[in-house]
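Work through the exercises below with the sequence and the structure open beside you. Try each task before you read its solution.

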Amino acid sequence: MSIRVKTHGFLLAAATLGALGAQTAGVSFERDVKPVLEARCLKCHGAKLQLGKLDLRTRESAVAGGAHGPAFVAGNAEASRLYRHVAGLEKPPMPMDGRLRASEVEVLRGWLAQGAPWSGTLAEAALRKEPEPEDRTIAPEARQWWSFRPLRSGEPPRNGNSQWDAHPVDAFVFAKWREQRLTHAPEADRGTLARRAYLDLTGLPPSPEQVSAFIADTAPEAWERLIDRLLASPHYGERWGRHWLDVARYADSNGYEHDFDRPNAWRYRDYVIDAFNRDTPYDVFLREQIAGDEMAPATEARLIATGFLRNYAKVGFREKDNPQFRFDYLDDMIATLGRGVLGLTVQCARCHDHKFDPIPQRDYYAMQASLWGYVEVDHPLAPKAEADAYTAGVAAVEEKLNPLRAELRDLEAPYARQVRERKYRAWPKHIQEAVFTPEEKRTPGQVLLANQIIRTTGASGAEMEPLMTPEDLARRRDLAARMARIEKQRPAPIPVAMGITDGDYRFTPDGAGDEPAPGKGIKREAAEGSFLCDGAKPYEAPPSYFLHHGDMDSRGRRMQPGFVQVATYSELPVETPPAHHRTSGRRTALANWLVARDNPLTARVMVNRIWHHHFGRGIVTTLDNFGKTGEPPTHPELLDWLARRFMDDGLSMKRMHKLLMTSRAYRLASGFTGPANEQRDAANLFWWRFRAQRLEAEVVRDSILAAAGSLNTKMGGPAVFPPLPEETLKSMDKGIWRRQPDGPETWRRGVYVYRKRGLPFPFFEVFDLPDQNITCGRRNVSTVPTQALTLLHNEFVIVQAGRLAARVAAEAGDSRQARLERAYWLVLGRGPEAAERAAGLAFLESQPLEGFAHVLLNLNEFVYLR
């Protein structure tokens with residue numbers, strides 16, 4: 001729904017002119033053609049709006065055409081793009097708001113065939129009764145959908161059952177069981193509960209000693225003490241921070257064809273882990289990530305947090321080279337905030353009003369205006385004097401290098417052209433035609449193709465030097481040597497955080513007008529094309545515009561910042577400028593609206609997300625879609641009660657964990673089938689038993705390392721690079737994957753493994769690592785043969801099985817019985833049952849301990865939380 005059609009302007013023009021030309025013999029322009037054009041075409045190609053830069057008000061402007069060439073060829077309907085689009089011969093069909101009648105298409109065809117006679121100037125028919133898209137508001141009844149209503153107040157139901165009424169969560173769940181006539185599972189055994197709690201809260205299995213200690217502790221408060229201890233563990237943040245990193249679409253590389261490394265992205269990952277460990281209130285957590293640079297004080301952690309908005313996949317070129325990229329990155333931010341925080345697909349209103357939810361296009365561009373002033377920046381994480389000295393030192397080096405770079409570019413230009421042209425001629429004929437056709441004569445398809453090839457085709461020094469004259473070669477090498485000497489003067493890097501702030505981004509989508517003028521306190525250059533405010537004068541946000549049909553060349557009215565109307569119940573400021581005056585405060589206002597107590601979505605979405613990770617399924621199954629195409633809640637009263645409790649508890653995530661995990665519903669056994677439950681609730685929507693959950697990719701790997709005694713529990717810092725197969729490394733020609741030996745340095749937790757967008761870590765990918773380019777609320781869970789094959793044949797697994805066997809032998813001695821017991825406890829957190837003991841002893845009589853350890857790591861039970 002969020003895809004925009006770049007050829008939209010031309011196509012609609014085509015539709016327009018197609019409507020004009022349908023007269024066969026005897027067609028009257030005044031009687032037959034003009035009414036069609038005025039009613040169906042001028043609203044997008046008239047005085048107010050000219051999509052695709054096409055103006056159909058006069059014959060001259062129609063013949064001149066728009067961004068994609070002339071709209072028609074007089075005397076030849078079949079060659080007229082106008083006719084081809086209104087007739088549906090080329091995509092997209094036009095007009096965009098509904099096809100013409102067959103008789104109208106035929107009139108346009110005939111009119112074009114007879115030379116397209118035209119008289120006078122067209123005027124848009126006064127037929128529009130709806131408000132302009134920039135002005136559209138929602139009707140009061142739009143808020144009747146369950147998720148748009150205010151949170152309901154109320155107390156847990158009283159069921160007359162003292163055991164199940166004692167805990168508020170249980171009271172709600174029990175009421176549904178009674179309503180659905182379901183019987184519930186018994187409580188799981190204490191060993192199972194210990195493993196469940198450890199894996200759930202820390203993502204690591206408990207040691208045999210930890211399980212035994214919990215089983216031996218029969219005090220009534222033992223379970224609560226275990227939860228408190230696990231919530232206080234630093235491993236809690238690694239586990240639950242990983243869930244948020246999925247939402248934040250975190251990665252260590254840019255993605256797209258170049259997949260450049262992001263050397264400082266890891267600081268954001270560490271910020272998230274630390275925020276969960278500190279139990280940062282959810283409202284503060286969101287404010288820091290959306291507007292940490294506007295908060296007081298703007299601590300290092302808050303500057304790092306702004307990496308949240310910059311986590312988008314990036315082409316790797318400057319936005320000023322292709323302004324469309326900036327709109328795509330903003331769309332990604334809006335999609336992430338919409339789905340990840342609000343549970344709404346706001347991005348679907350980029351090109352048109354949302355098709356299902358009451359989100360007009362106006363709301364999308366109001367949110368875009370709140371974010372529009374952003375610029376990418378590397379926040380210095382050093383004392384000001386040190387940061388200033390570093391900046392000055394870099395500037396001095398760049399000042400010396402720039403003239404040499406310019407000289408080198410001029411010298412290399414003719415040789416680089418030869419290299420690139422040789423590479424172009426290695427492509428198929430249609431690609432060569434696209435590249436070598438003059439830019440102004442390329443078709444839209446050739447434009448896309450040529451841009452892709454030209455952008456990704458380079459010329460290296462090694463390729464140019466053989467072509468150079470001896471004089472130019474000597475000059476090139478001299479320039480390179482001089483530049484190398486100057487580079488040695490560059491100061492050592494200081495630590496920086498990959499983030500954003502507000503600035504002045506200078507490009508003009510249509511090439512003229514509305515470029516922010518200098519002199520508004522915008523002084524310091526942050527990156528090529530973007531400037532930061534020095535605070536001498538209050539920052540003024542650059543203008544942002546409504547884009548008709550999402551087309552950046554089809555500007556509507558200048559937009560003011562704002563919020564999604566259907567989730568707004570009170571008047572809130574759209575700007576709250578900070579005291580330092582260097583930013584607009586629009587992002588702070590956006591964050592304040594997201595966490596406002598009367599926002600009906602934010603708290604609901606977060607408690608549902610927490611519930612999902614504990615119980616294996618959300619109260620709303622579609623975690624990031626609370627709109628009309630999402631699933632309704634199975635327990636709406638429980639969801640609202642939890643959301644209110646979340647806010648009353650200061651938006652503490654740890655308190656919410658404890659509330660849910662101390663319920664009896666959480667402690668139910670998973671291996672239970674009630675007499676009639678399978679018929680009444682086969683999907684276990686009402687949690688009459690605990691839902692077994694396949695462990696995530698990272699937890700599977702972490703559990704293998706923990707069982708083998710190999711896990712390196714070092715926290716934080718740059719990512720690690722576990723070894724990859726040589727053929728995989730050879731297939732990678734962009735970005736990085738450092739060659740680190742298989743050993744303790746790479747045996748760290750999965751959250752610290754390098755996240756390469758262009759090459760997902762294969763072990764994680766086979767166990768359903770999500771798409772790292774977009775926000776993910778719920779991971780897919782598959783069962784495919786490659787998972788079993790990976791656990792059987794992957795070199796990492798085989799090595800760790802050997803280490804597990806060595807650990808068992810060292811801890812259990814030579815007795816096969818003792819080894820069997822110890823291996824089961826290390827891998828599964830329990831001892832073997834009678835049949836397992838008999839089969840295991842028989843196996844160990846003829847097979848090595850390494851083989852038995854490998855078998856245990858392949859058990860279904862090992863990769864499931866039960």
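**Exercise 1. Find the residues that line the second largest cavity, and describe the character of that lining.**

Solution. Begin with the residues themselves: the second largest cavity of this predicted model is lined by Glu 238, Arg 239, Arg 242, Glu 696, Glu 698, Val 699, Asp 702, Arg 749, Gly 750 and Val 751. Next, sort these lining residues by type, which gives seven charged, two nonpolar and one polar; Gly is counted among the polar residues here. Then look for the helices that take part, and you will find that α12 and α28 (697–708) each contribute at least two residues to the lining. Finally, consider the space itself, which amounts to about 80 Å³, in a structure that holds five cavities of 30 Å³ or more.

**Exercise 2. Determine which residues are linked with Arg 242 in a network of salt bridges.**

Solution. Start from Arg 242, which you have already met in the lining of the second largest cavity. The network of salt bridges links Arg 242 with Asp 246, Glu 698, Arg 755 and Arg 779. Of these partners, Glu 698 is also one of the residues that line the second largest cavity. To place the network in its setting, note that the structure holds 65 salt bridges.

**Exercise 3. Examine the salt bridges of Arg 455 and of Asp 388, and say where the partners of each pair lie in the chain.**

Solution. First take Arg 455, which forms a salt bridge with Glu 257, with 3.1 Å between the closest N and O atoms. Arg 455 belongs to helix α20 (residues 444–456), while Glu 257 sits in the loop between α12 (234–247) and α13 (266–277), so this pair ties together parts that are 198 residues apart in sequence. As for accessibility, Arg 455 is partly exposed at 26%, and Glu 257 is partly exposed at 24%.

Now turn to Asp 388, whose side chain meets that of Lys 384 in a salt bridge of 2.7 Å, N to O. Asp 388 and Lys 384 are four residues apart in helix α18 (residues 384–424), and so about one helical turn separates them. Here Asp 388 is partly exposed, with a relative accessible area of 40%, whereas Lys 384 is exposed at 64%.

**Exercise 4. Describe helix α6, its span and its buried residues.**

Solution. Helix α6 covers residues 102–113, twelve residues in total, and its first and last C-alpha atoms are 16 Å apart, close to the 16 Å expected at 1.5 Å a residue. With the span settled, list the residues of α6 that are buried: they are Glu 104, Val 105, Leu 108, Gly 110, Trp 111 and Leu 112. To finish, look just beyond the helix, where α6 is followed by Gly 115, a residue with a positive phi near 100°.

**Exercise 5. How many disulfides does the structure contain, and how far from Cys 351 is the nearest cysteine sulfur?**

Solution. Recall that a disulfide is a covalent bond between the sulfur atoms of two cysteines. A search of the whole structure finds zero disulfides. For Cys 351, the nearest cysteine sulfur is that of Cys 348, 9.7 Å away; since a disulfide requires sulfur atoms within 2.5 Å, Cys 351 is in no disulfide. Cys 351 is buried, with a relative accessible area of 6%. Cys 776 is likewise in no disulfide, and its nearest cysteine sulfur, that of Cys 348, is 16 Å away. Cys 776 is buried too, at a relative accessible area of 10%.

Methods: Residues are numbered from 1 along each chain as its sequence is written. This is a predicted model: local features need pLDDT of at least 70, side-chain atom pairs count only at pLDDT 80 or more; totals for chains, interfaces and linings use all residues. Side-chain values use heavy atoms; hydrogens and water are left out. The expected span of a helix is 1.5 Å times one less than its number of residues. Buried means under 20% relative accessible area, exposed over 50%, partly exposed in between (1.4 Å probe, protein chains only). A salt bridge is a side-chain nitrogen of Lys or Arg within 4 Å of a carboxyl oxygen of Asp or Glu. On a 1 Å grid over the protein atoms alone, a cavity is a set of points where a 1.4 Å probe fits but cannot get out, and a pocket is an open set with protein on both sides within 12 Å along at least five of seven lines; lining residues have an atom within 4 Å of a point. Grid points are joined across faces, edges and corners, and a volume is the space filled by probe spheres set on the points.
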